[in-house]
Amino acid sequence: MGSLDSDFSAGSFLSDKSGKVFVAGHLGLVGSAVHRRLASLGFTDIVVKSRTELDLTRQAAVEEFFSSEKPRYVIVAAAKVGGIHANSTYPADFIACNLQIQTNIIDAALKCGSVKKLLFLGSSCIYPKMAPQPIPESALLSGPLEPTNEWYAVAKIAGIKMCQAYRLQHGLDAISAMPTNLYGPRDNFHPENSHVLPALIRRFHEAKVNDAKEVVVWGTGSPLREFLHVDDLADACVFLMDRYSGLEHVNVGSGSEVTIKELAELVKEVVGFQGELVWDKTKPDGTPRKLMDSSRLASMGWTPKVPLRDGLVETYKWYVENVVKKQ
């Protein structure tokens, strides 16, 4: 990697709001936030396709789309995602679908000849299970992965390396960003395979509605976690598209930690559950600490803006209006 100065681009993205932007995965948690952010900034030519309109796992379809649409910018927020259960049940799907999606998009972006810049989005699960805390970008490939989601992680690591290889060999301005734990509107609130924050929102809401006396949460509540509102990630994506053109991937985190106990109490308050919060200390806690080192992004001048409590209030409102009312 060169010096940080050489990794900066001229800020051409935000001055090119008529340029065609393809947001892959626009219906998901991340893609929908990126779409909203671009629209709010005044981008006038945002191209989106549903899965039925464009199957990103089919190379011929992706190549045909790129050759006909000729986007100038590409943001890859499309991925097959899921929790521990889904990863262990469908390992072939997780590695194959994600490799297909990113390979097809990155290769077609080069071949079509119109793409000025591409941003590939990954996940903090790319890092080794025993990575140092906070986790720096340099921890990548420094040790074994968490076995429960290695299929997804290996695909995402391949995406980072593909962006680097296409930059080195072909001069494609392809960058990668790795976000921390995300939350916000369009999160997955499924009872079996959602992550900790939407799972807590759902459980406290259902307890409130059913006049339950208590909500039992696993463990001691002591593990530390980092959360970033998806609108902050979308803002960081725009910032990086505008300002960064380096070889190395960039961590995107909030930089602030909260214990699971603090998080549960905050969700309880936001939801308005009046009962008791009980900790089942016979159950495992999981990893004691998971925090991204986002100092590289901070040194470029980007900071998150959505406080956790405000973000939770908005996310709970979305859950009630879009999940509860449609059940």
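Start by selecting Cys237: at 1% relative accessibility, this residue counts as buried (buried means under 20% relative accessible area, exposed over 50%, partly exposed in between, with a 1.4 Å probe and protein chains only). Now add Cys163, also buried, with a relative accessible area of 1%. Are these two bonded or not? The sulfur of Cys163 is 13 Å from the closest cysteine sulfur, the one in Cys237, and that is too far for a bond. Cys237, likewise, is in no disulfide, its nearest cysteine sulfur being that of Cys163, 13 Å away. A disulfide here is a pair of cysteine sulfur atoms within 2.5 Å, and by this rule the count comes to zero.

Before moving on, a word on what you have open. This is a predicted model, in which local features need pLDDT of at least 70 and side-chain atom pairs count only at pLDDT 80 or more, while totals for chains, interfaces and linings use all residues. Residues are numbered from 1 along each chain as its sequence is written, and side-chain values use heavy atoms, with hydrogens and water left out.

**The sheet**

Switch to cartoon and pick out the open sheet of six strands, ordered E2-E1-E3-E4-E5-E9 with parallel pairing. Its edge strands are E2 (46–47) and E9 (250–252), each of which pairs on one side only. For the labels: helices (H or I, at least four residues) and strands (E, at least two) are DSSP runs, numbered from the N terminus. Two strands pair if DSSP finds at least two bridges between them.

Select E3 (73–76) next. Which of its residues are buried on each side? Tyr73 and Ile75 are buried on one side, Val74 and Val76 on the other, so both faces of E3 are covered. That fits a general pattern: in a regular strand the side chains alternate between the two faces of the sheet.

Now look to either side of E3. Strand E1 (residues 21–24) runs parallel to E3 and is joined to it by four bridges. Two spots to click on: Val21 has Tyr73 as its bridge partner in E3, and Phe22 stands opposite Val74. E4 also runs parallel to E3, again with four bridges; there, Val76 stands opposite Phe120.

Step along to E5 (residues 174–179) and select Ser176. Ser176 is buried, with a relative accessible area of 5%. What does Ser176 touch? Leaving out residues up to four places away in sequence, the contacts (heavy atoms within 4.5 Å) are Leu119, Phe120, Ile160, Cys163, Glu248, His249 and Val250. You have already met Phe120, opposite Val76, and Cys163, one of the buried cysteines.

**Three loops worth a zoom**

Go to Pro134, in the loop between strand E4 (117–121) and helix H5 (150–170). The peptide bond that leads into Pro134 from Gln133 is cis, with omega near -10°.

Then jump to Lys70, in the loop between helix H2 (59–69) and strand E3. Although Lys70 is not a glycine, its phi is positive, about 50°. Its relative accessible area of 41% makes Lys70 partly exposed.

Asp211 makes a good follow-up, in the loop between helix H6 (196–209) and strand E7 (214–218). Asp211 is not a glycine either, yet has a positive phi of about 55°. Is Asp211 buried or exposed? Asp211 is exposed, with a relative accessible area of 61%.

**Zooming out**

Colour residues 21–253, which the UniProt record (an unreviewed entry) annotates as "domain: NAD-dependent epimerase/dehydratase". UniProt positions are given in the numbering used here, feature names are shortened, and annotations may be inferred rather than shown by experiment. Over that stretch the chain is 43% helix and 16% strand, and the end C-alpha atoms are 24 Å apart.

Finally, show the whole chain, with its 10 helices and 12 strands. The C-alpha trace spans about 60 × 40 × 40 Å along its principal axes. A compact globule of 327 residues would have a radius of gyration near 20 Å, and the chain agrees at 20 Å (taken over C-alpha atoms; the globule rule is 2.2 Å times the number of residues to the power 0.38). Buried residues make up 50% of the chain. Of the contacts with a separation of 6 or more, 82% are between residues 24 or more positions apart. Turn on the surface to end: about 14900 Å² is exposed, and carbon and sulfur atoms supply 53% of it (Shrake-Rupley method, 1.4 Å probe; for residues, only the protein chains shown count as cover).
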